[in-house]
Amino acid sequence: MDDGSKLEGWGRLPVPGRELLSTNLESITKGAVLSRGLGRSYGDSSLPAEASDKVAATRLADRILSFDPETGILRAEAGLSLAEMNRLFLPRGFFTPVTPGTKFVTLGGMVASDVHGKNHHRKGCFGAHVRSLRMRLANDDIVECSASQHPDLFYATIGGMGLLGHILEVEVALDRIPSPFILMETRRVRDIDEFLRELARAAKTSPMTVGWIDCLSQGSNLGRGIMTEGRWATAEEANGHAMREPLEVTLPFELPNFALNPFTASVFNALYYWKHVPERDERIVGPDPFFYPLDAIHHWNRAYGARGFTQYQCVLPRKAGPEAVREFLQLLTKLRCASPLCVIKDCGPEGKGLLSFPMEGTSIAVDMAITPEIQRVTDVLNEFVIAAGGRIYLTKDRFTRREHFRAMEPRLDAFLEVRERWKAHRLRSAQSVRLFGDKA
Amino acid sequence: MKAVVLGATSGMGREIARRLVERGDSVFMLGRDVANLQKGAGDLKARHPRGEDIGYAICDLADPRTFAPALDAADAALGGFDTVIVTAALFATQDQLEADVELTHRLLTVNYANTVVFCEHARKRLLARGGGNLAVFSSVAGDRGRKPVALYGSTKAGLSHYLESLDHKFHAAGLNVVCVKPGFVKTEMTAGLKPPPFAGEPSRVALDVVRAIDARKPVVYTPTIWALVMLVIRWLPRFVMRKIGF
């Protein structure tokens, strides 16, 4: 079956494999070992363990099955993209309760990764708003699950990386929004201590917060960056602002590997930091520049060149204190592996998804080009995270070792038990073989 | 617009039906599978700005007996349609067709003879009410005899020829015929084939088609770049066509 066709995640690094593509999700998931949506997870969670593995591509199964404008409850096939949901429902005054940093994801993927966003401290993860799932199990049966119907299956599937069954349909409650615009406030932050104070302060007043960190800055500048907070604008505030199609361009070819190096990255970071001339700025913006700034450049992953890249995202628990965050940033700086993209976010309490990523604390995400050092860097960071009692985000991961994953994931046994109960071991991905001990 | 879409349950037909209902047009779906039609109707209703109910009927291009009843049902539901769009067709690779004469016969019949018969039913109804739009999916494969689409392309060549004549004959009577020539589009139909350069997305094609109908364009290549590609191909000398595999 290895005919030269390849599949890749957002971090590139293709592996041999092919996907079955159809509008009929029920037919292609039969006997399949993995589902994948738009392939936006950075690592290998949507990649087959072996070229001959049957992978169902959900993206053509994108029908809305029902929408109730009274309650905002939407039921749709798993391949419906968030971009399409936004296009259809923003003008009608509804928005997804939780959005990740890209709109090029599917509903099924949002459940499997239990995505979080700028409002995690208020709204939790996407899974907290899912009412019901229709699933194709490993034995090919189809079941409906929810908080009251097969709750073990339901909560293991939320954040379960597709390892319990194929998500066919998702029912979720959309939020009613006062206008399709965001009142965004940004400010320069001088160092990491100020950043942590700002994040904690903003969490109390703003429904949405996030920070960009210049993680190449050192010494007294360590952890400087730009803090962004926002809330939906009221109809009066939005008055006079017209809905516009976001301007999107495509990076048409991959840049050479050397284009993004520590020097160009630090120049970029310094420019980006100082571009924010006023210390504080407030404006009304559309949802796209606020939630999805990087979606404006299609295929921006080509900027890293053929070598590909990965994202290291971890959460450090609140109890580890601000020192842990400061030390983590120092470690990042010392390892000289960081790229321009480094994002810090204050997370609220852990959700009900059995393997869901966020926990009360501070999440840090940083892009890294693939270099010969990447395994060592990942190991060093993981050892730090384990010692601090934190964990990593599976959706971004490609290089974590199984023993490290075990050490940071006390919930794993409970997850594997549910998987055993639903006889789901036939399902696997390149990631589950690497981390969960699935048969290679 | 009150449009009947044959092939509205998947691929480009689904996308066109979506673009139409999203701007408030009325749509009636024709397809082969009731469960699929039912779900598709739900999708379109949710996208319609006024939440209009979407009707559907069984119509199978392989079975011409279904044509007249399906169009009658559409007429009744829409209160007289003014637009008919046909995206349905069969596809198979040249290798599959060469290996299976039965399949070849079925594909030639469905894509050419039966599609023309369906269009005849549709255009008679449209002309009887003073005209309307008839947009039918042919293909760039019908523009030149080519090795990889010898059989499939011949059905599309015949269909393009028929649609051109329809335009010549009935344009003055108010029939707006649109011959759609998609290049490679990434749909279920082409899943498993390696996309060539300039491969298009169904949503893009749908926009182009709706625009062409509105602008009364008799022929539309989509994505647009294929007009240029096919211009070159049409002018390649025979000795070149014998050599290349395109």
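In this predicted model, helix α1 (residues 11-22) of chain B and helix α7 (residues 202-214) of chain B cross at roughly 55°, and their axes come within 8 Å. An angle that is neither under 35 degrees nor over 145, and that lies outside the range of 65 to 115, counts as oblique, and α1(B) and α7(B) are therefore oblique to each other. The crossing in which α1(B) passes α7(B) is right-handed. On the side of α1(B), the contact is made by G11(B), M12(B), E15(B), I16(B), R19(B) and L20(B), while α7(B) contributes P202(B), S203(B), V205(B), A206(B), L207(B), V209(B) and V210(B). Sorted by class, the residues in this contact of α1(B) with α7(B) comprise 9 nonpolar, 2 polar and 2 charged.

A second helix pair is found in chain A, where helix α10 (residues 321-335) and helix α11 (residues 374-388) pack with their axes 11 Å apart and at an angle of about 170°. Because angles over 145 degrees count as roughly antiparallel, this arrangement makes α10(A) roughly antiparallel to α11(A). The residues of α10(A) that take part are A324(A), F328(A), L331(A) and L335(A), and they meet V377(A), V380(A), L381(A), F384(A) and A388(A) in α11(A). The contact of α10(A) with α11(A) has 9 nonpolar residues, with no polar and no charged residues.

Chain A also holds an open sheet of 3 strands, whose order is β3-β5-β4 and whose pairing is parallel. Its edge strands are β3 (19-21) and β4 (34-36) of chain A, each of which pairs on one side only. From one strand to the next, the twist averages 35°. Strands of a sheet pair through backbone hydrogen bonds, either parallel or antiparallel. Here, β3(A) and strand β5 (residues 55-57) of chain A pair in the parallel sense over 3 bridges, and the bridge partner of E19(A) in β5(A) is V55(A).

Turning from the individual chains to the place where they meet, the contact takes 10 residues from chain A and 9 residues from chain B. On the side of chain B that touches chain A, the residues divide into 4 charged, 3 polar and 2 nonpolar.

Key: Residues numbered from 1 in each chain as written. Chains lettered and ligands numbered in written order. Predicted model: local features only at pLDDT ≥ 70, side-chain atom pairs only at ≥ 80, totals over all residues. Contact = placed C-beta atoms within 7 Å. Nonpolar A, V, L, I, M, F, W, Y, C, P; charged D, E, K, R; others polar. Axes fitted to C-alpha atoms, helices over the stretch in contact; angles between N-to-C directions. Helix = DSSP H or I, 4+ residues; strand = E, 2+ residues; numbered from the N terminus. Left-handed = near helix turned anticlockwise from the far one by under 90°. Pairing = 2+ DSSP bridges.
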